[in-house]
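Let's walk through this structure together, starting from its surface and working towards individual side chains. Have the model open so that you can follow each stop along the way.

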Amino acid sequence: MGYYNSIEDLYIENYKLVYTCISDYTTDHQNAQDVAAIVWSKVAENPKRYLNMERDHLINYLRRMVKTAVSDFFTVEKRQFDKAEQAREALESAIILDEESFRKEQLFYLEQARGVLSEEELQLIYLRFDAGLSARAVGDAFGISEGAVRARQ
């Protein structure tokens with residue numbers, strides 16, 4: 001048999017090594033735990049292989065496993081981030097298109113509504129909203145009260 005009697009002995013003696021190697025790549029505690037879980041799950045999949053390794057060979061092998069696990073982990077993280085970013089951009093585009101469609105629909109109905117207004121009502125609406133005059137100024141122009149302007153608009 002190799003240097004270790006059980007997988008627990010192997011873990012106890014090498015968990016600091018694994019975390020130290022991981023700390024070369026990330027300072028994020030959660031990411032470090034995730035990478036360590038990947039490494040130790042690979043060891044747990046084939047315990048005899050690692051238990052039968054010489055100590056120095058195992059240490060080098062664990063270091064390589066950490067490097068590979070970190071690379072794979074961050075590649076997957078990057079892909080997931082990119083997919084989330086694409087989904088966010090697509091959603092924003094859909095919202096913008098939906099808002100544009102809504103505005104076009106509003107303009108269509110506004111034009112239809114303007115079609116049934118009298119010339120005086122159109123002038124009142126123009127002065128109030130297009131020219132940006134106050135209700136008082138429009139009332140003075142038409143010889144009506146500010147309240148009447150608001151009621152007509």
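The chain exposes about 11,000 Å² of surface, and carbon and sulfur atoms supply 53% of that area. Please keep in mind that you are looking at a predicted model. Buried residues account for 24% of the 153 residues in the chain.

The overall dimensions are a good next stop. Along the principal axes, the C-alpha atoms of the chain fill a box of roughly 105 × 25 × 20 Å. The radius of gyration tells its own story: the chain has 36 Å, whereas a compact globule of 153 residues would have a value near 15 Å.

What is the chain built from? Its secondary structure comes to 7 helices and 0 strands, so if you trace the elements from the N terminus on, you read α-α-α-α-α-α-α. Helix H4 covers residues 55–114, while helix H1 takes in residues 7–23. Further along come helix H5 (119–130) and helix H6 (135–142), and helix H7 spans residues 146–152. As for how the chain meets itself, take the contacts between residues at least 6 apart in sequence: 54% of them join residues at least 24 apart.

Now let's turn to charge. The chain carries 19 positive and 26 negative side chains, and the centres of the two sets lie 5 Å apart. How many salt bridges are there in the chain? The count comes to 8 salt bridges, and a few of them deserve a visit.

Begin with Glu 13 and Arg 55, which form a salt bridge whose closest N and O atoms are 2.7 Å apart. Why does this pair tie together separate parts of the chain? Glu 13 lies in helix H1 and Arg 55 in helix H4, so the salt bridge joins parts that are 42 residues apart in sequence. Are these two residues buried, exposed or in between? Glu 13 has a relative accessible area of 34% and is partly exposed; Arg 55, at 31%, also counts as partly exposed.

Staying in helix H4, you can find Asp 82 and Lys 78, joined by a salt bridge with the closest N and O atoms 3.1 Å apart. These two residues are 4 residues apart in helix H4, so about one helical turn separates them. Asp 82 is partly exposed, because its relative accessible area of 29% falls between the 20% limit for buried and the 50% limit for exposed. Elsewhere in the chain, Glu 85, Arg 88 and Glu 92 are linked in a network of salt bridges.

Moving on to helix H7, look for Arg 150 and Glu 146, whose side chains meet in a salt bridge at 3.1 Å from N to O. Both residues lie in helix H7, 4 residues apart, about one turn of the helix. Arg 150 is partly exposed at 46% relative accessibility, and Glu 146 counts as partly exposed at 27%.

One last stop takes us to a loop. Where does Ser 134 lie? Ser 134 sits in the loop between helix H5 and helix H6, and with 40% relative accessibility it counts as partly exposed. From there, look across to Val 149: this residue and Ser 134 are 15 residues apart along the chain, and their C-alpha atoms are separated by 9.6 Å.

Methods. Residues numbered from 1 in each chain as written. Predicted model: local features only at pLDDT ≥ 70, side-chain atom pairs only at ≥ 80, totals over all residues. Heavy atoms only, no water. Rg over C-alpha atoms; globule rule 2.2 N^0.38 Å. Buried < 20%, exposed > 50% of the residue type's maximum accessible area, 1.4 Å probe, protein only. Contact = heavy atoms within 4.5 Å. Areas by Shrake-Rupley, 256 points an atom, 1.4 Å probe, with all protein chains shown as cover. Lys, Arg positive; Asp, Glu negative; His and termini not counted. Charge placed at Lys NZ, Arg CZ, Asp CG, Glu CD. Salt bridge = Lys/Arg side-chain N within 4 Å of Asp/Glu carboxyl O.
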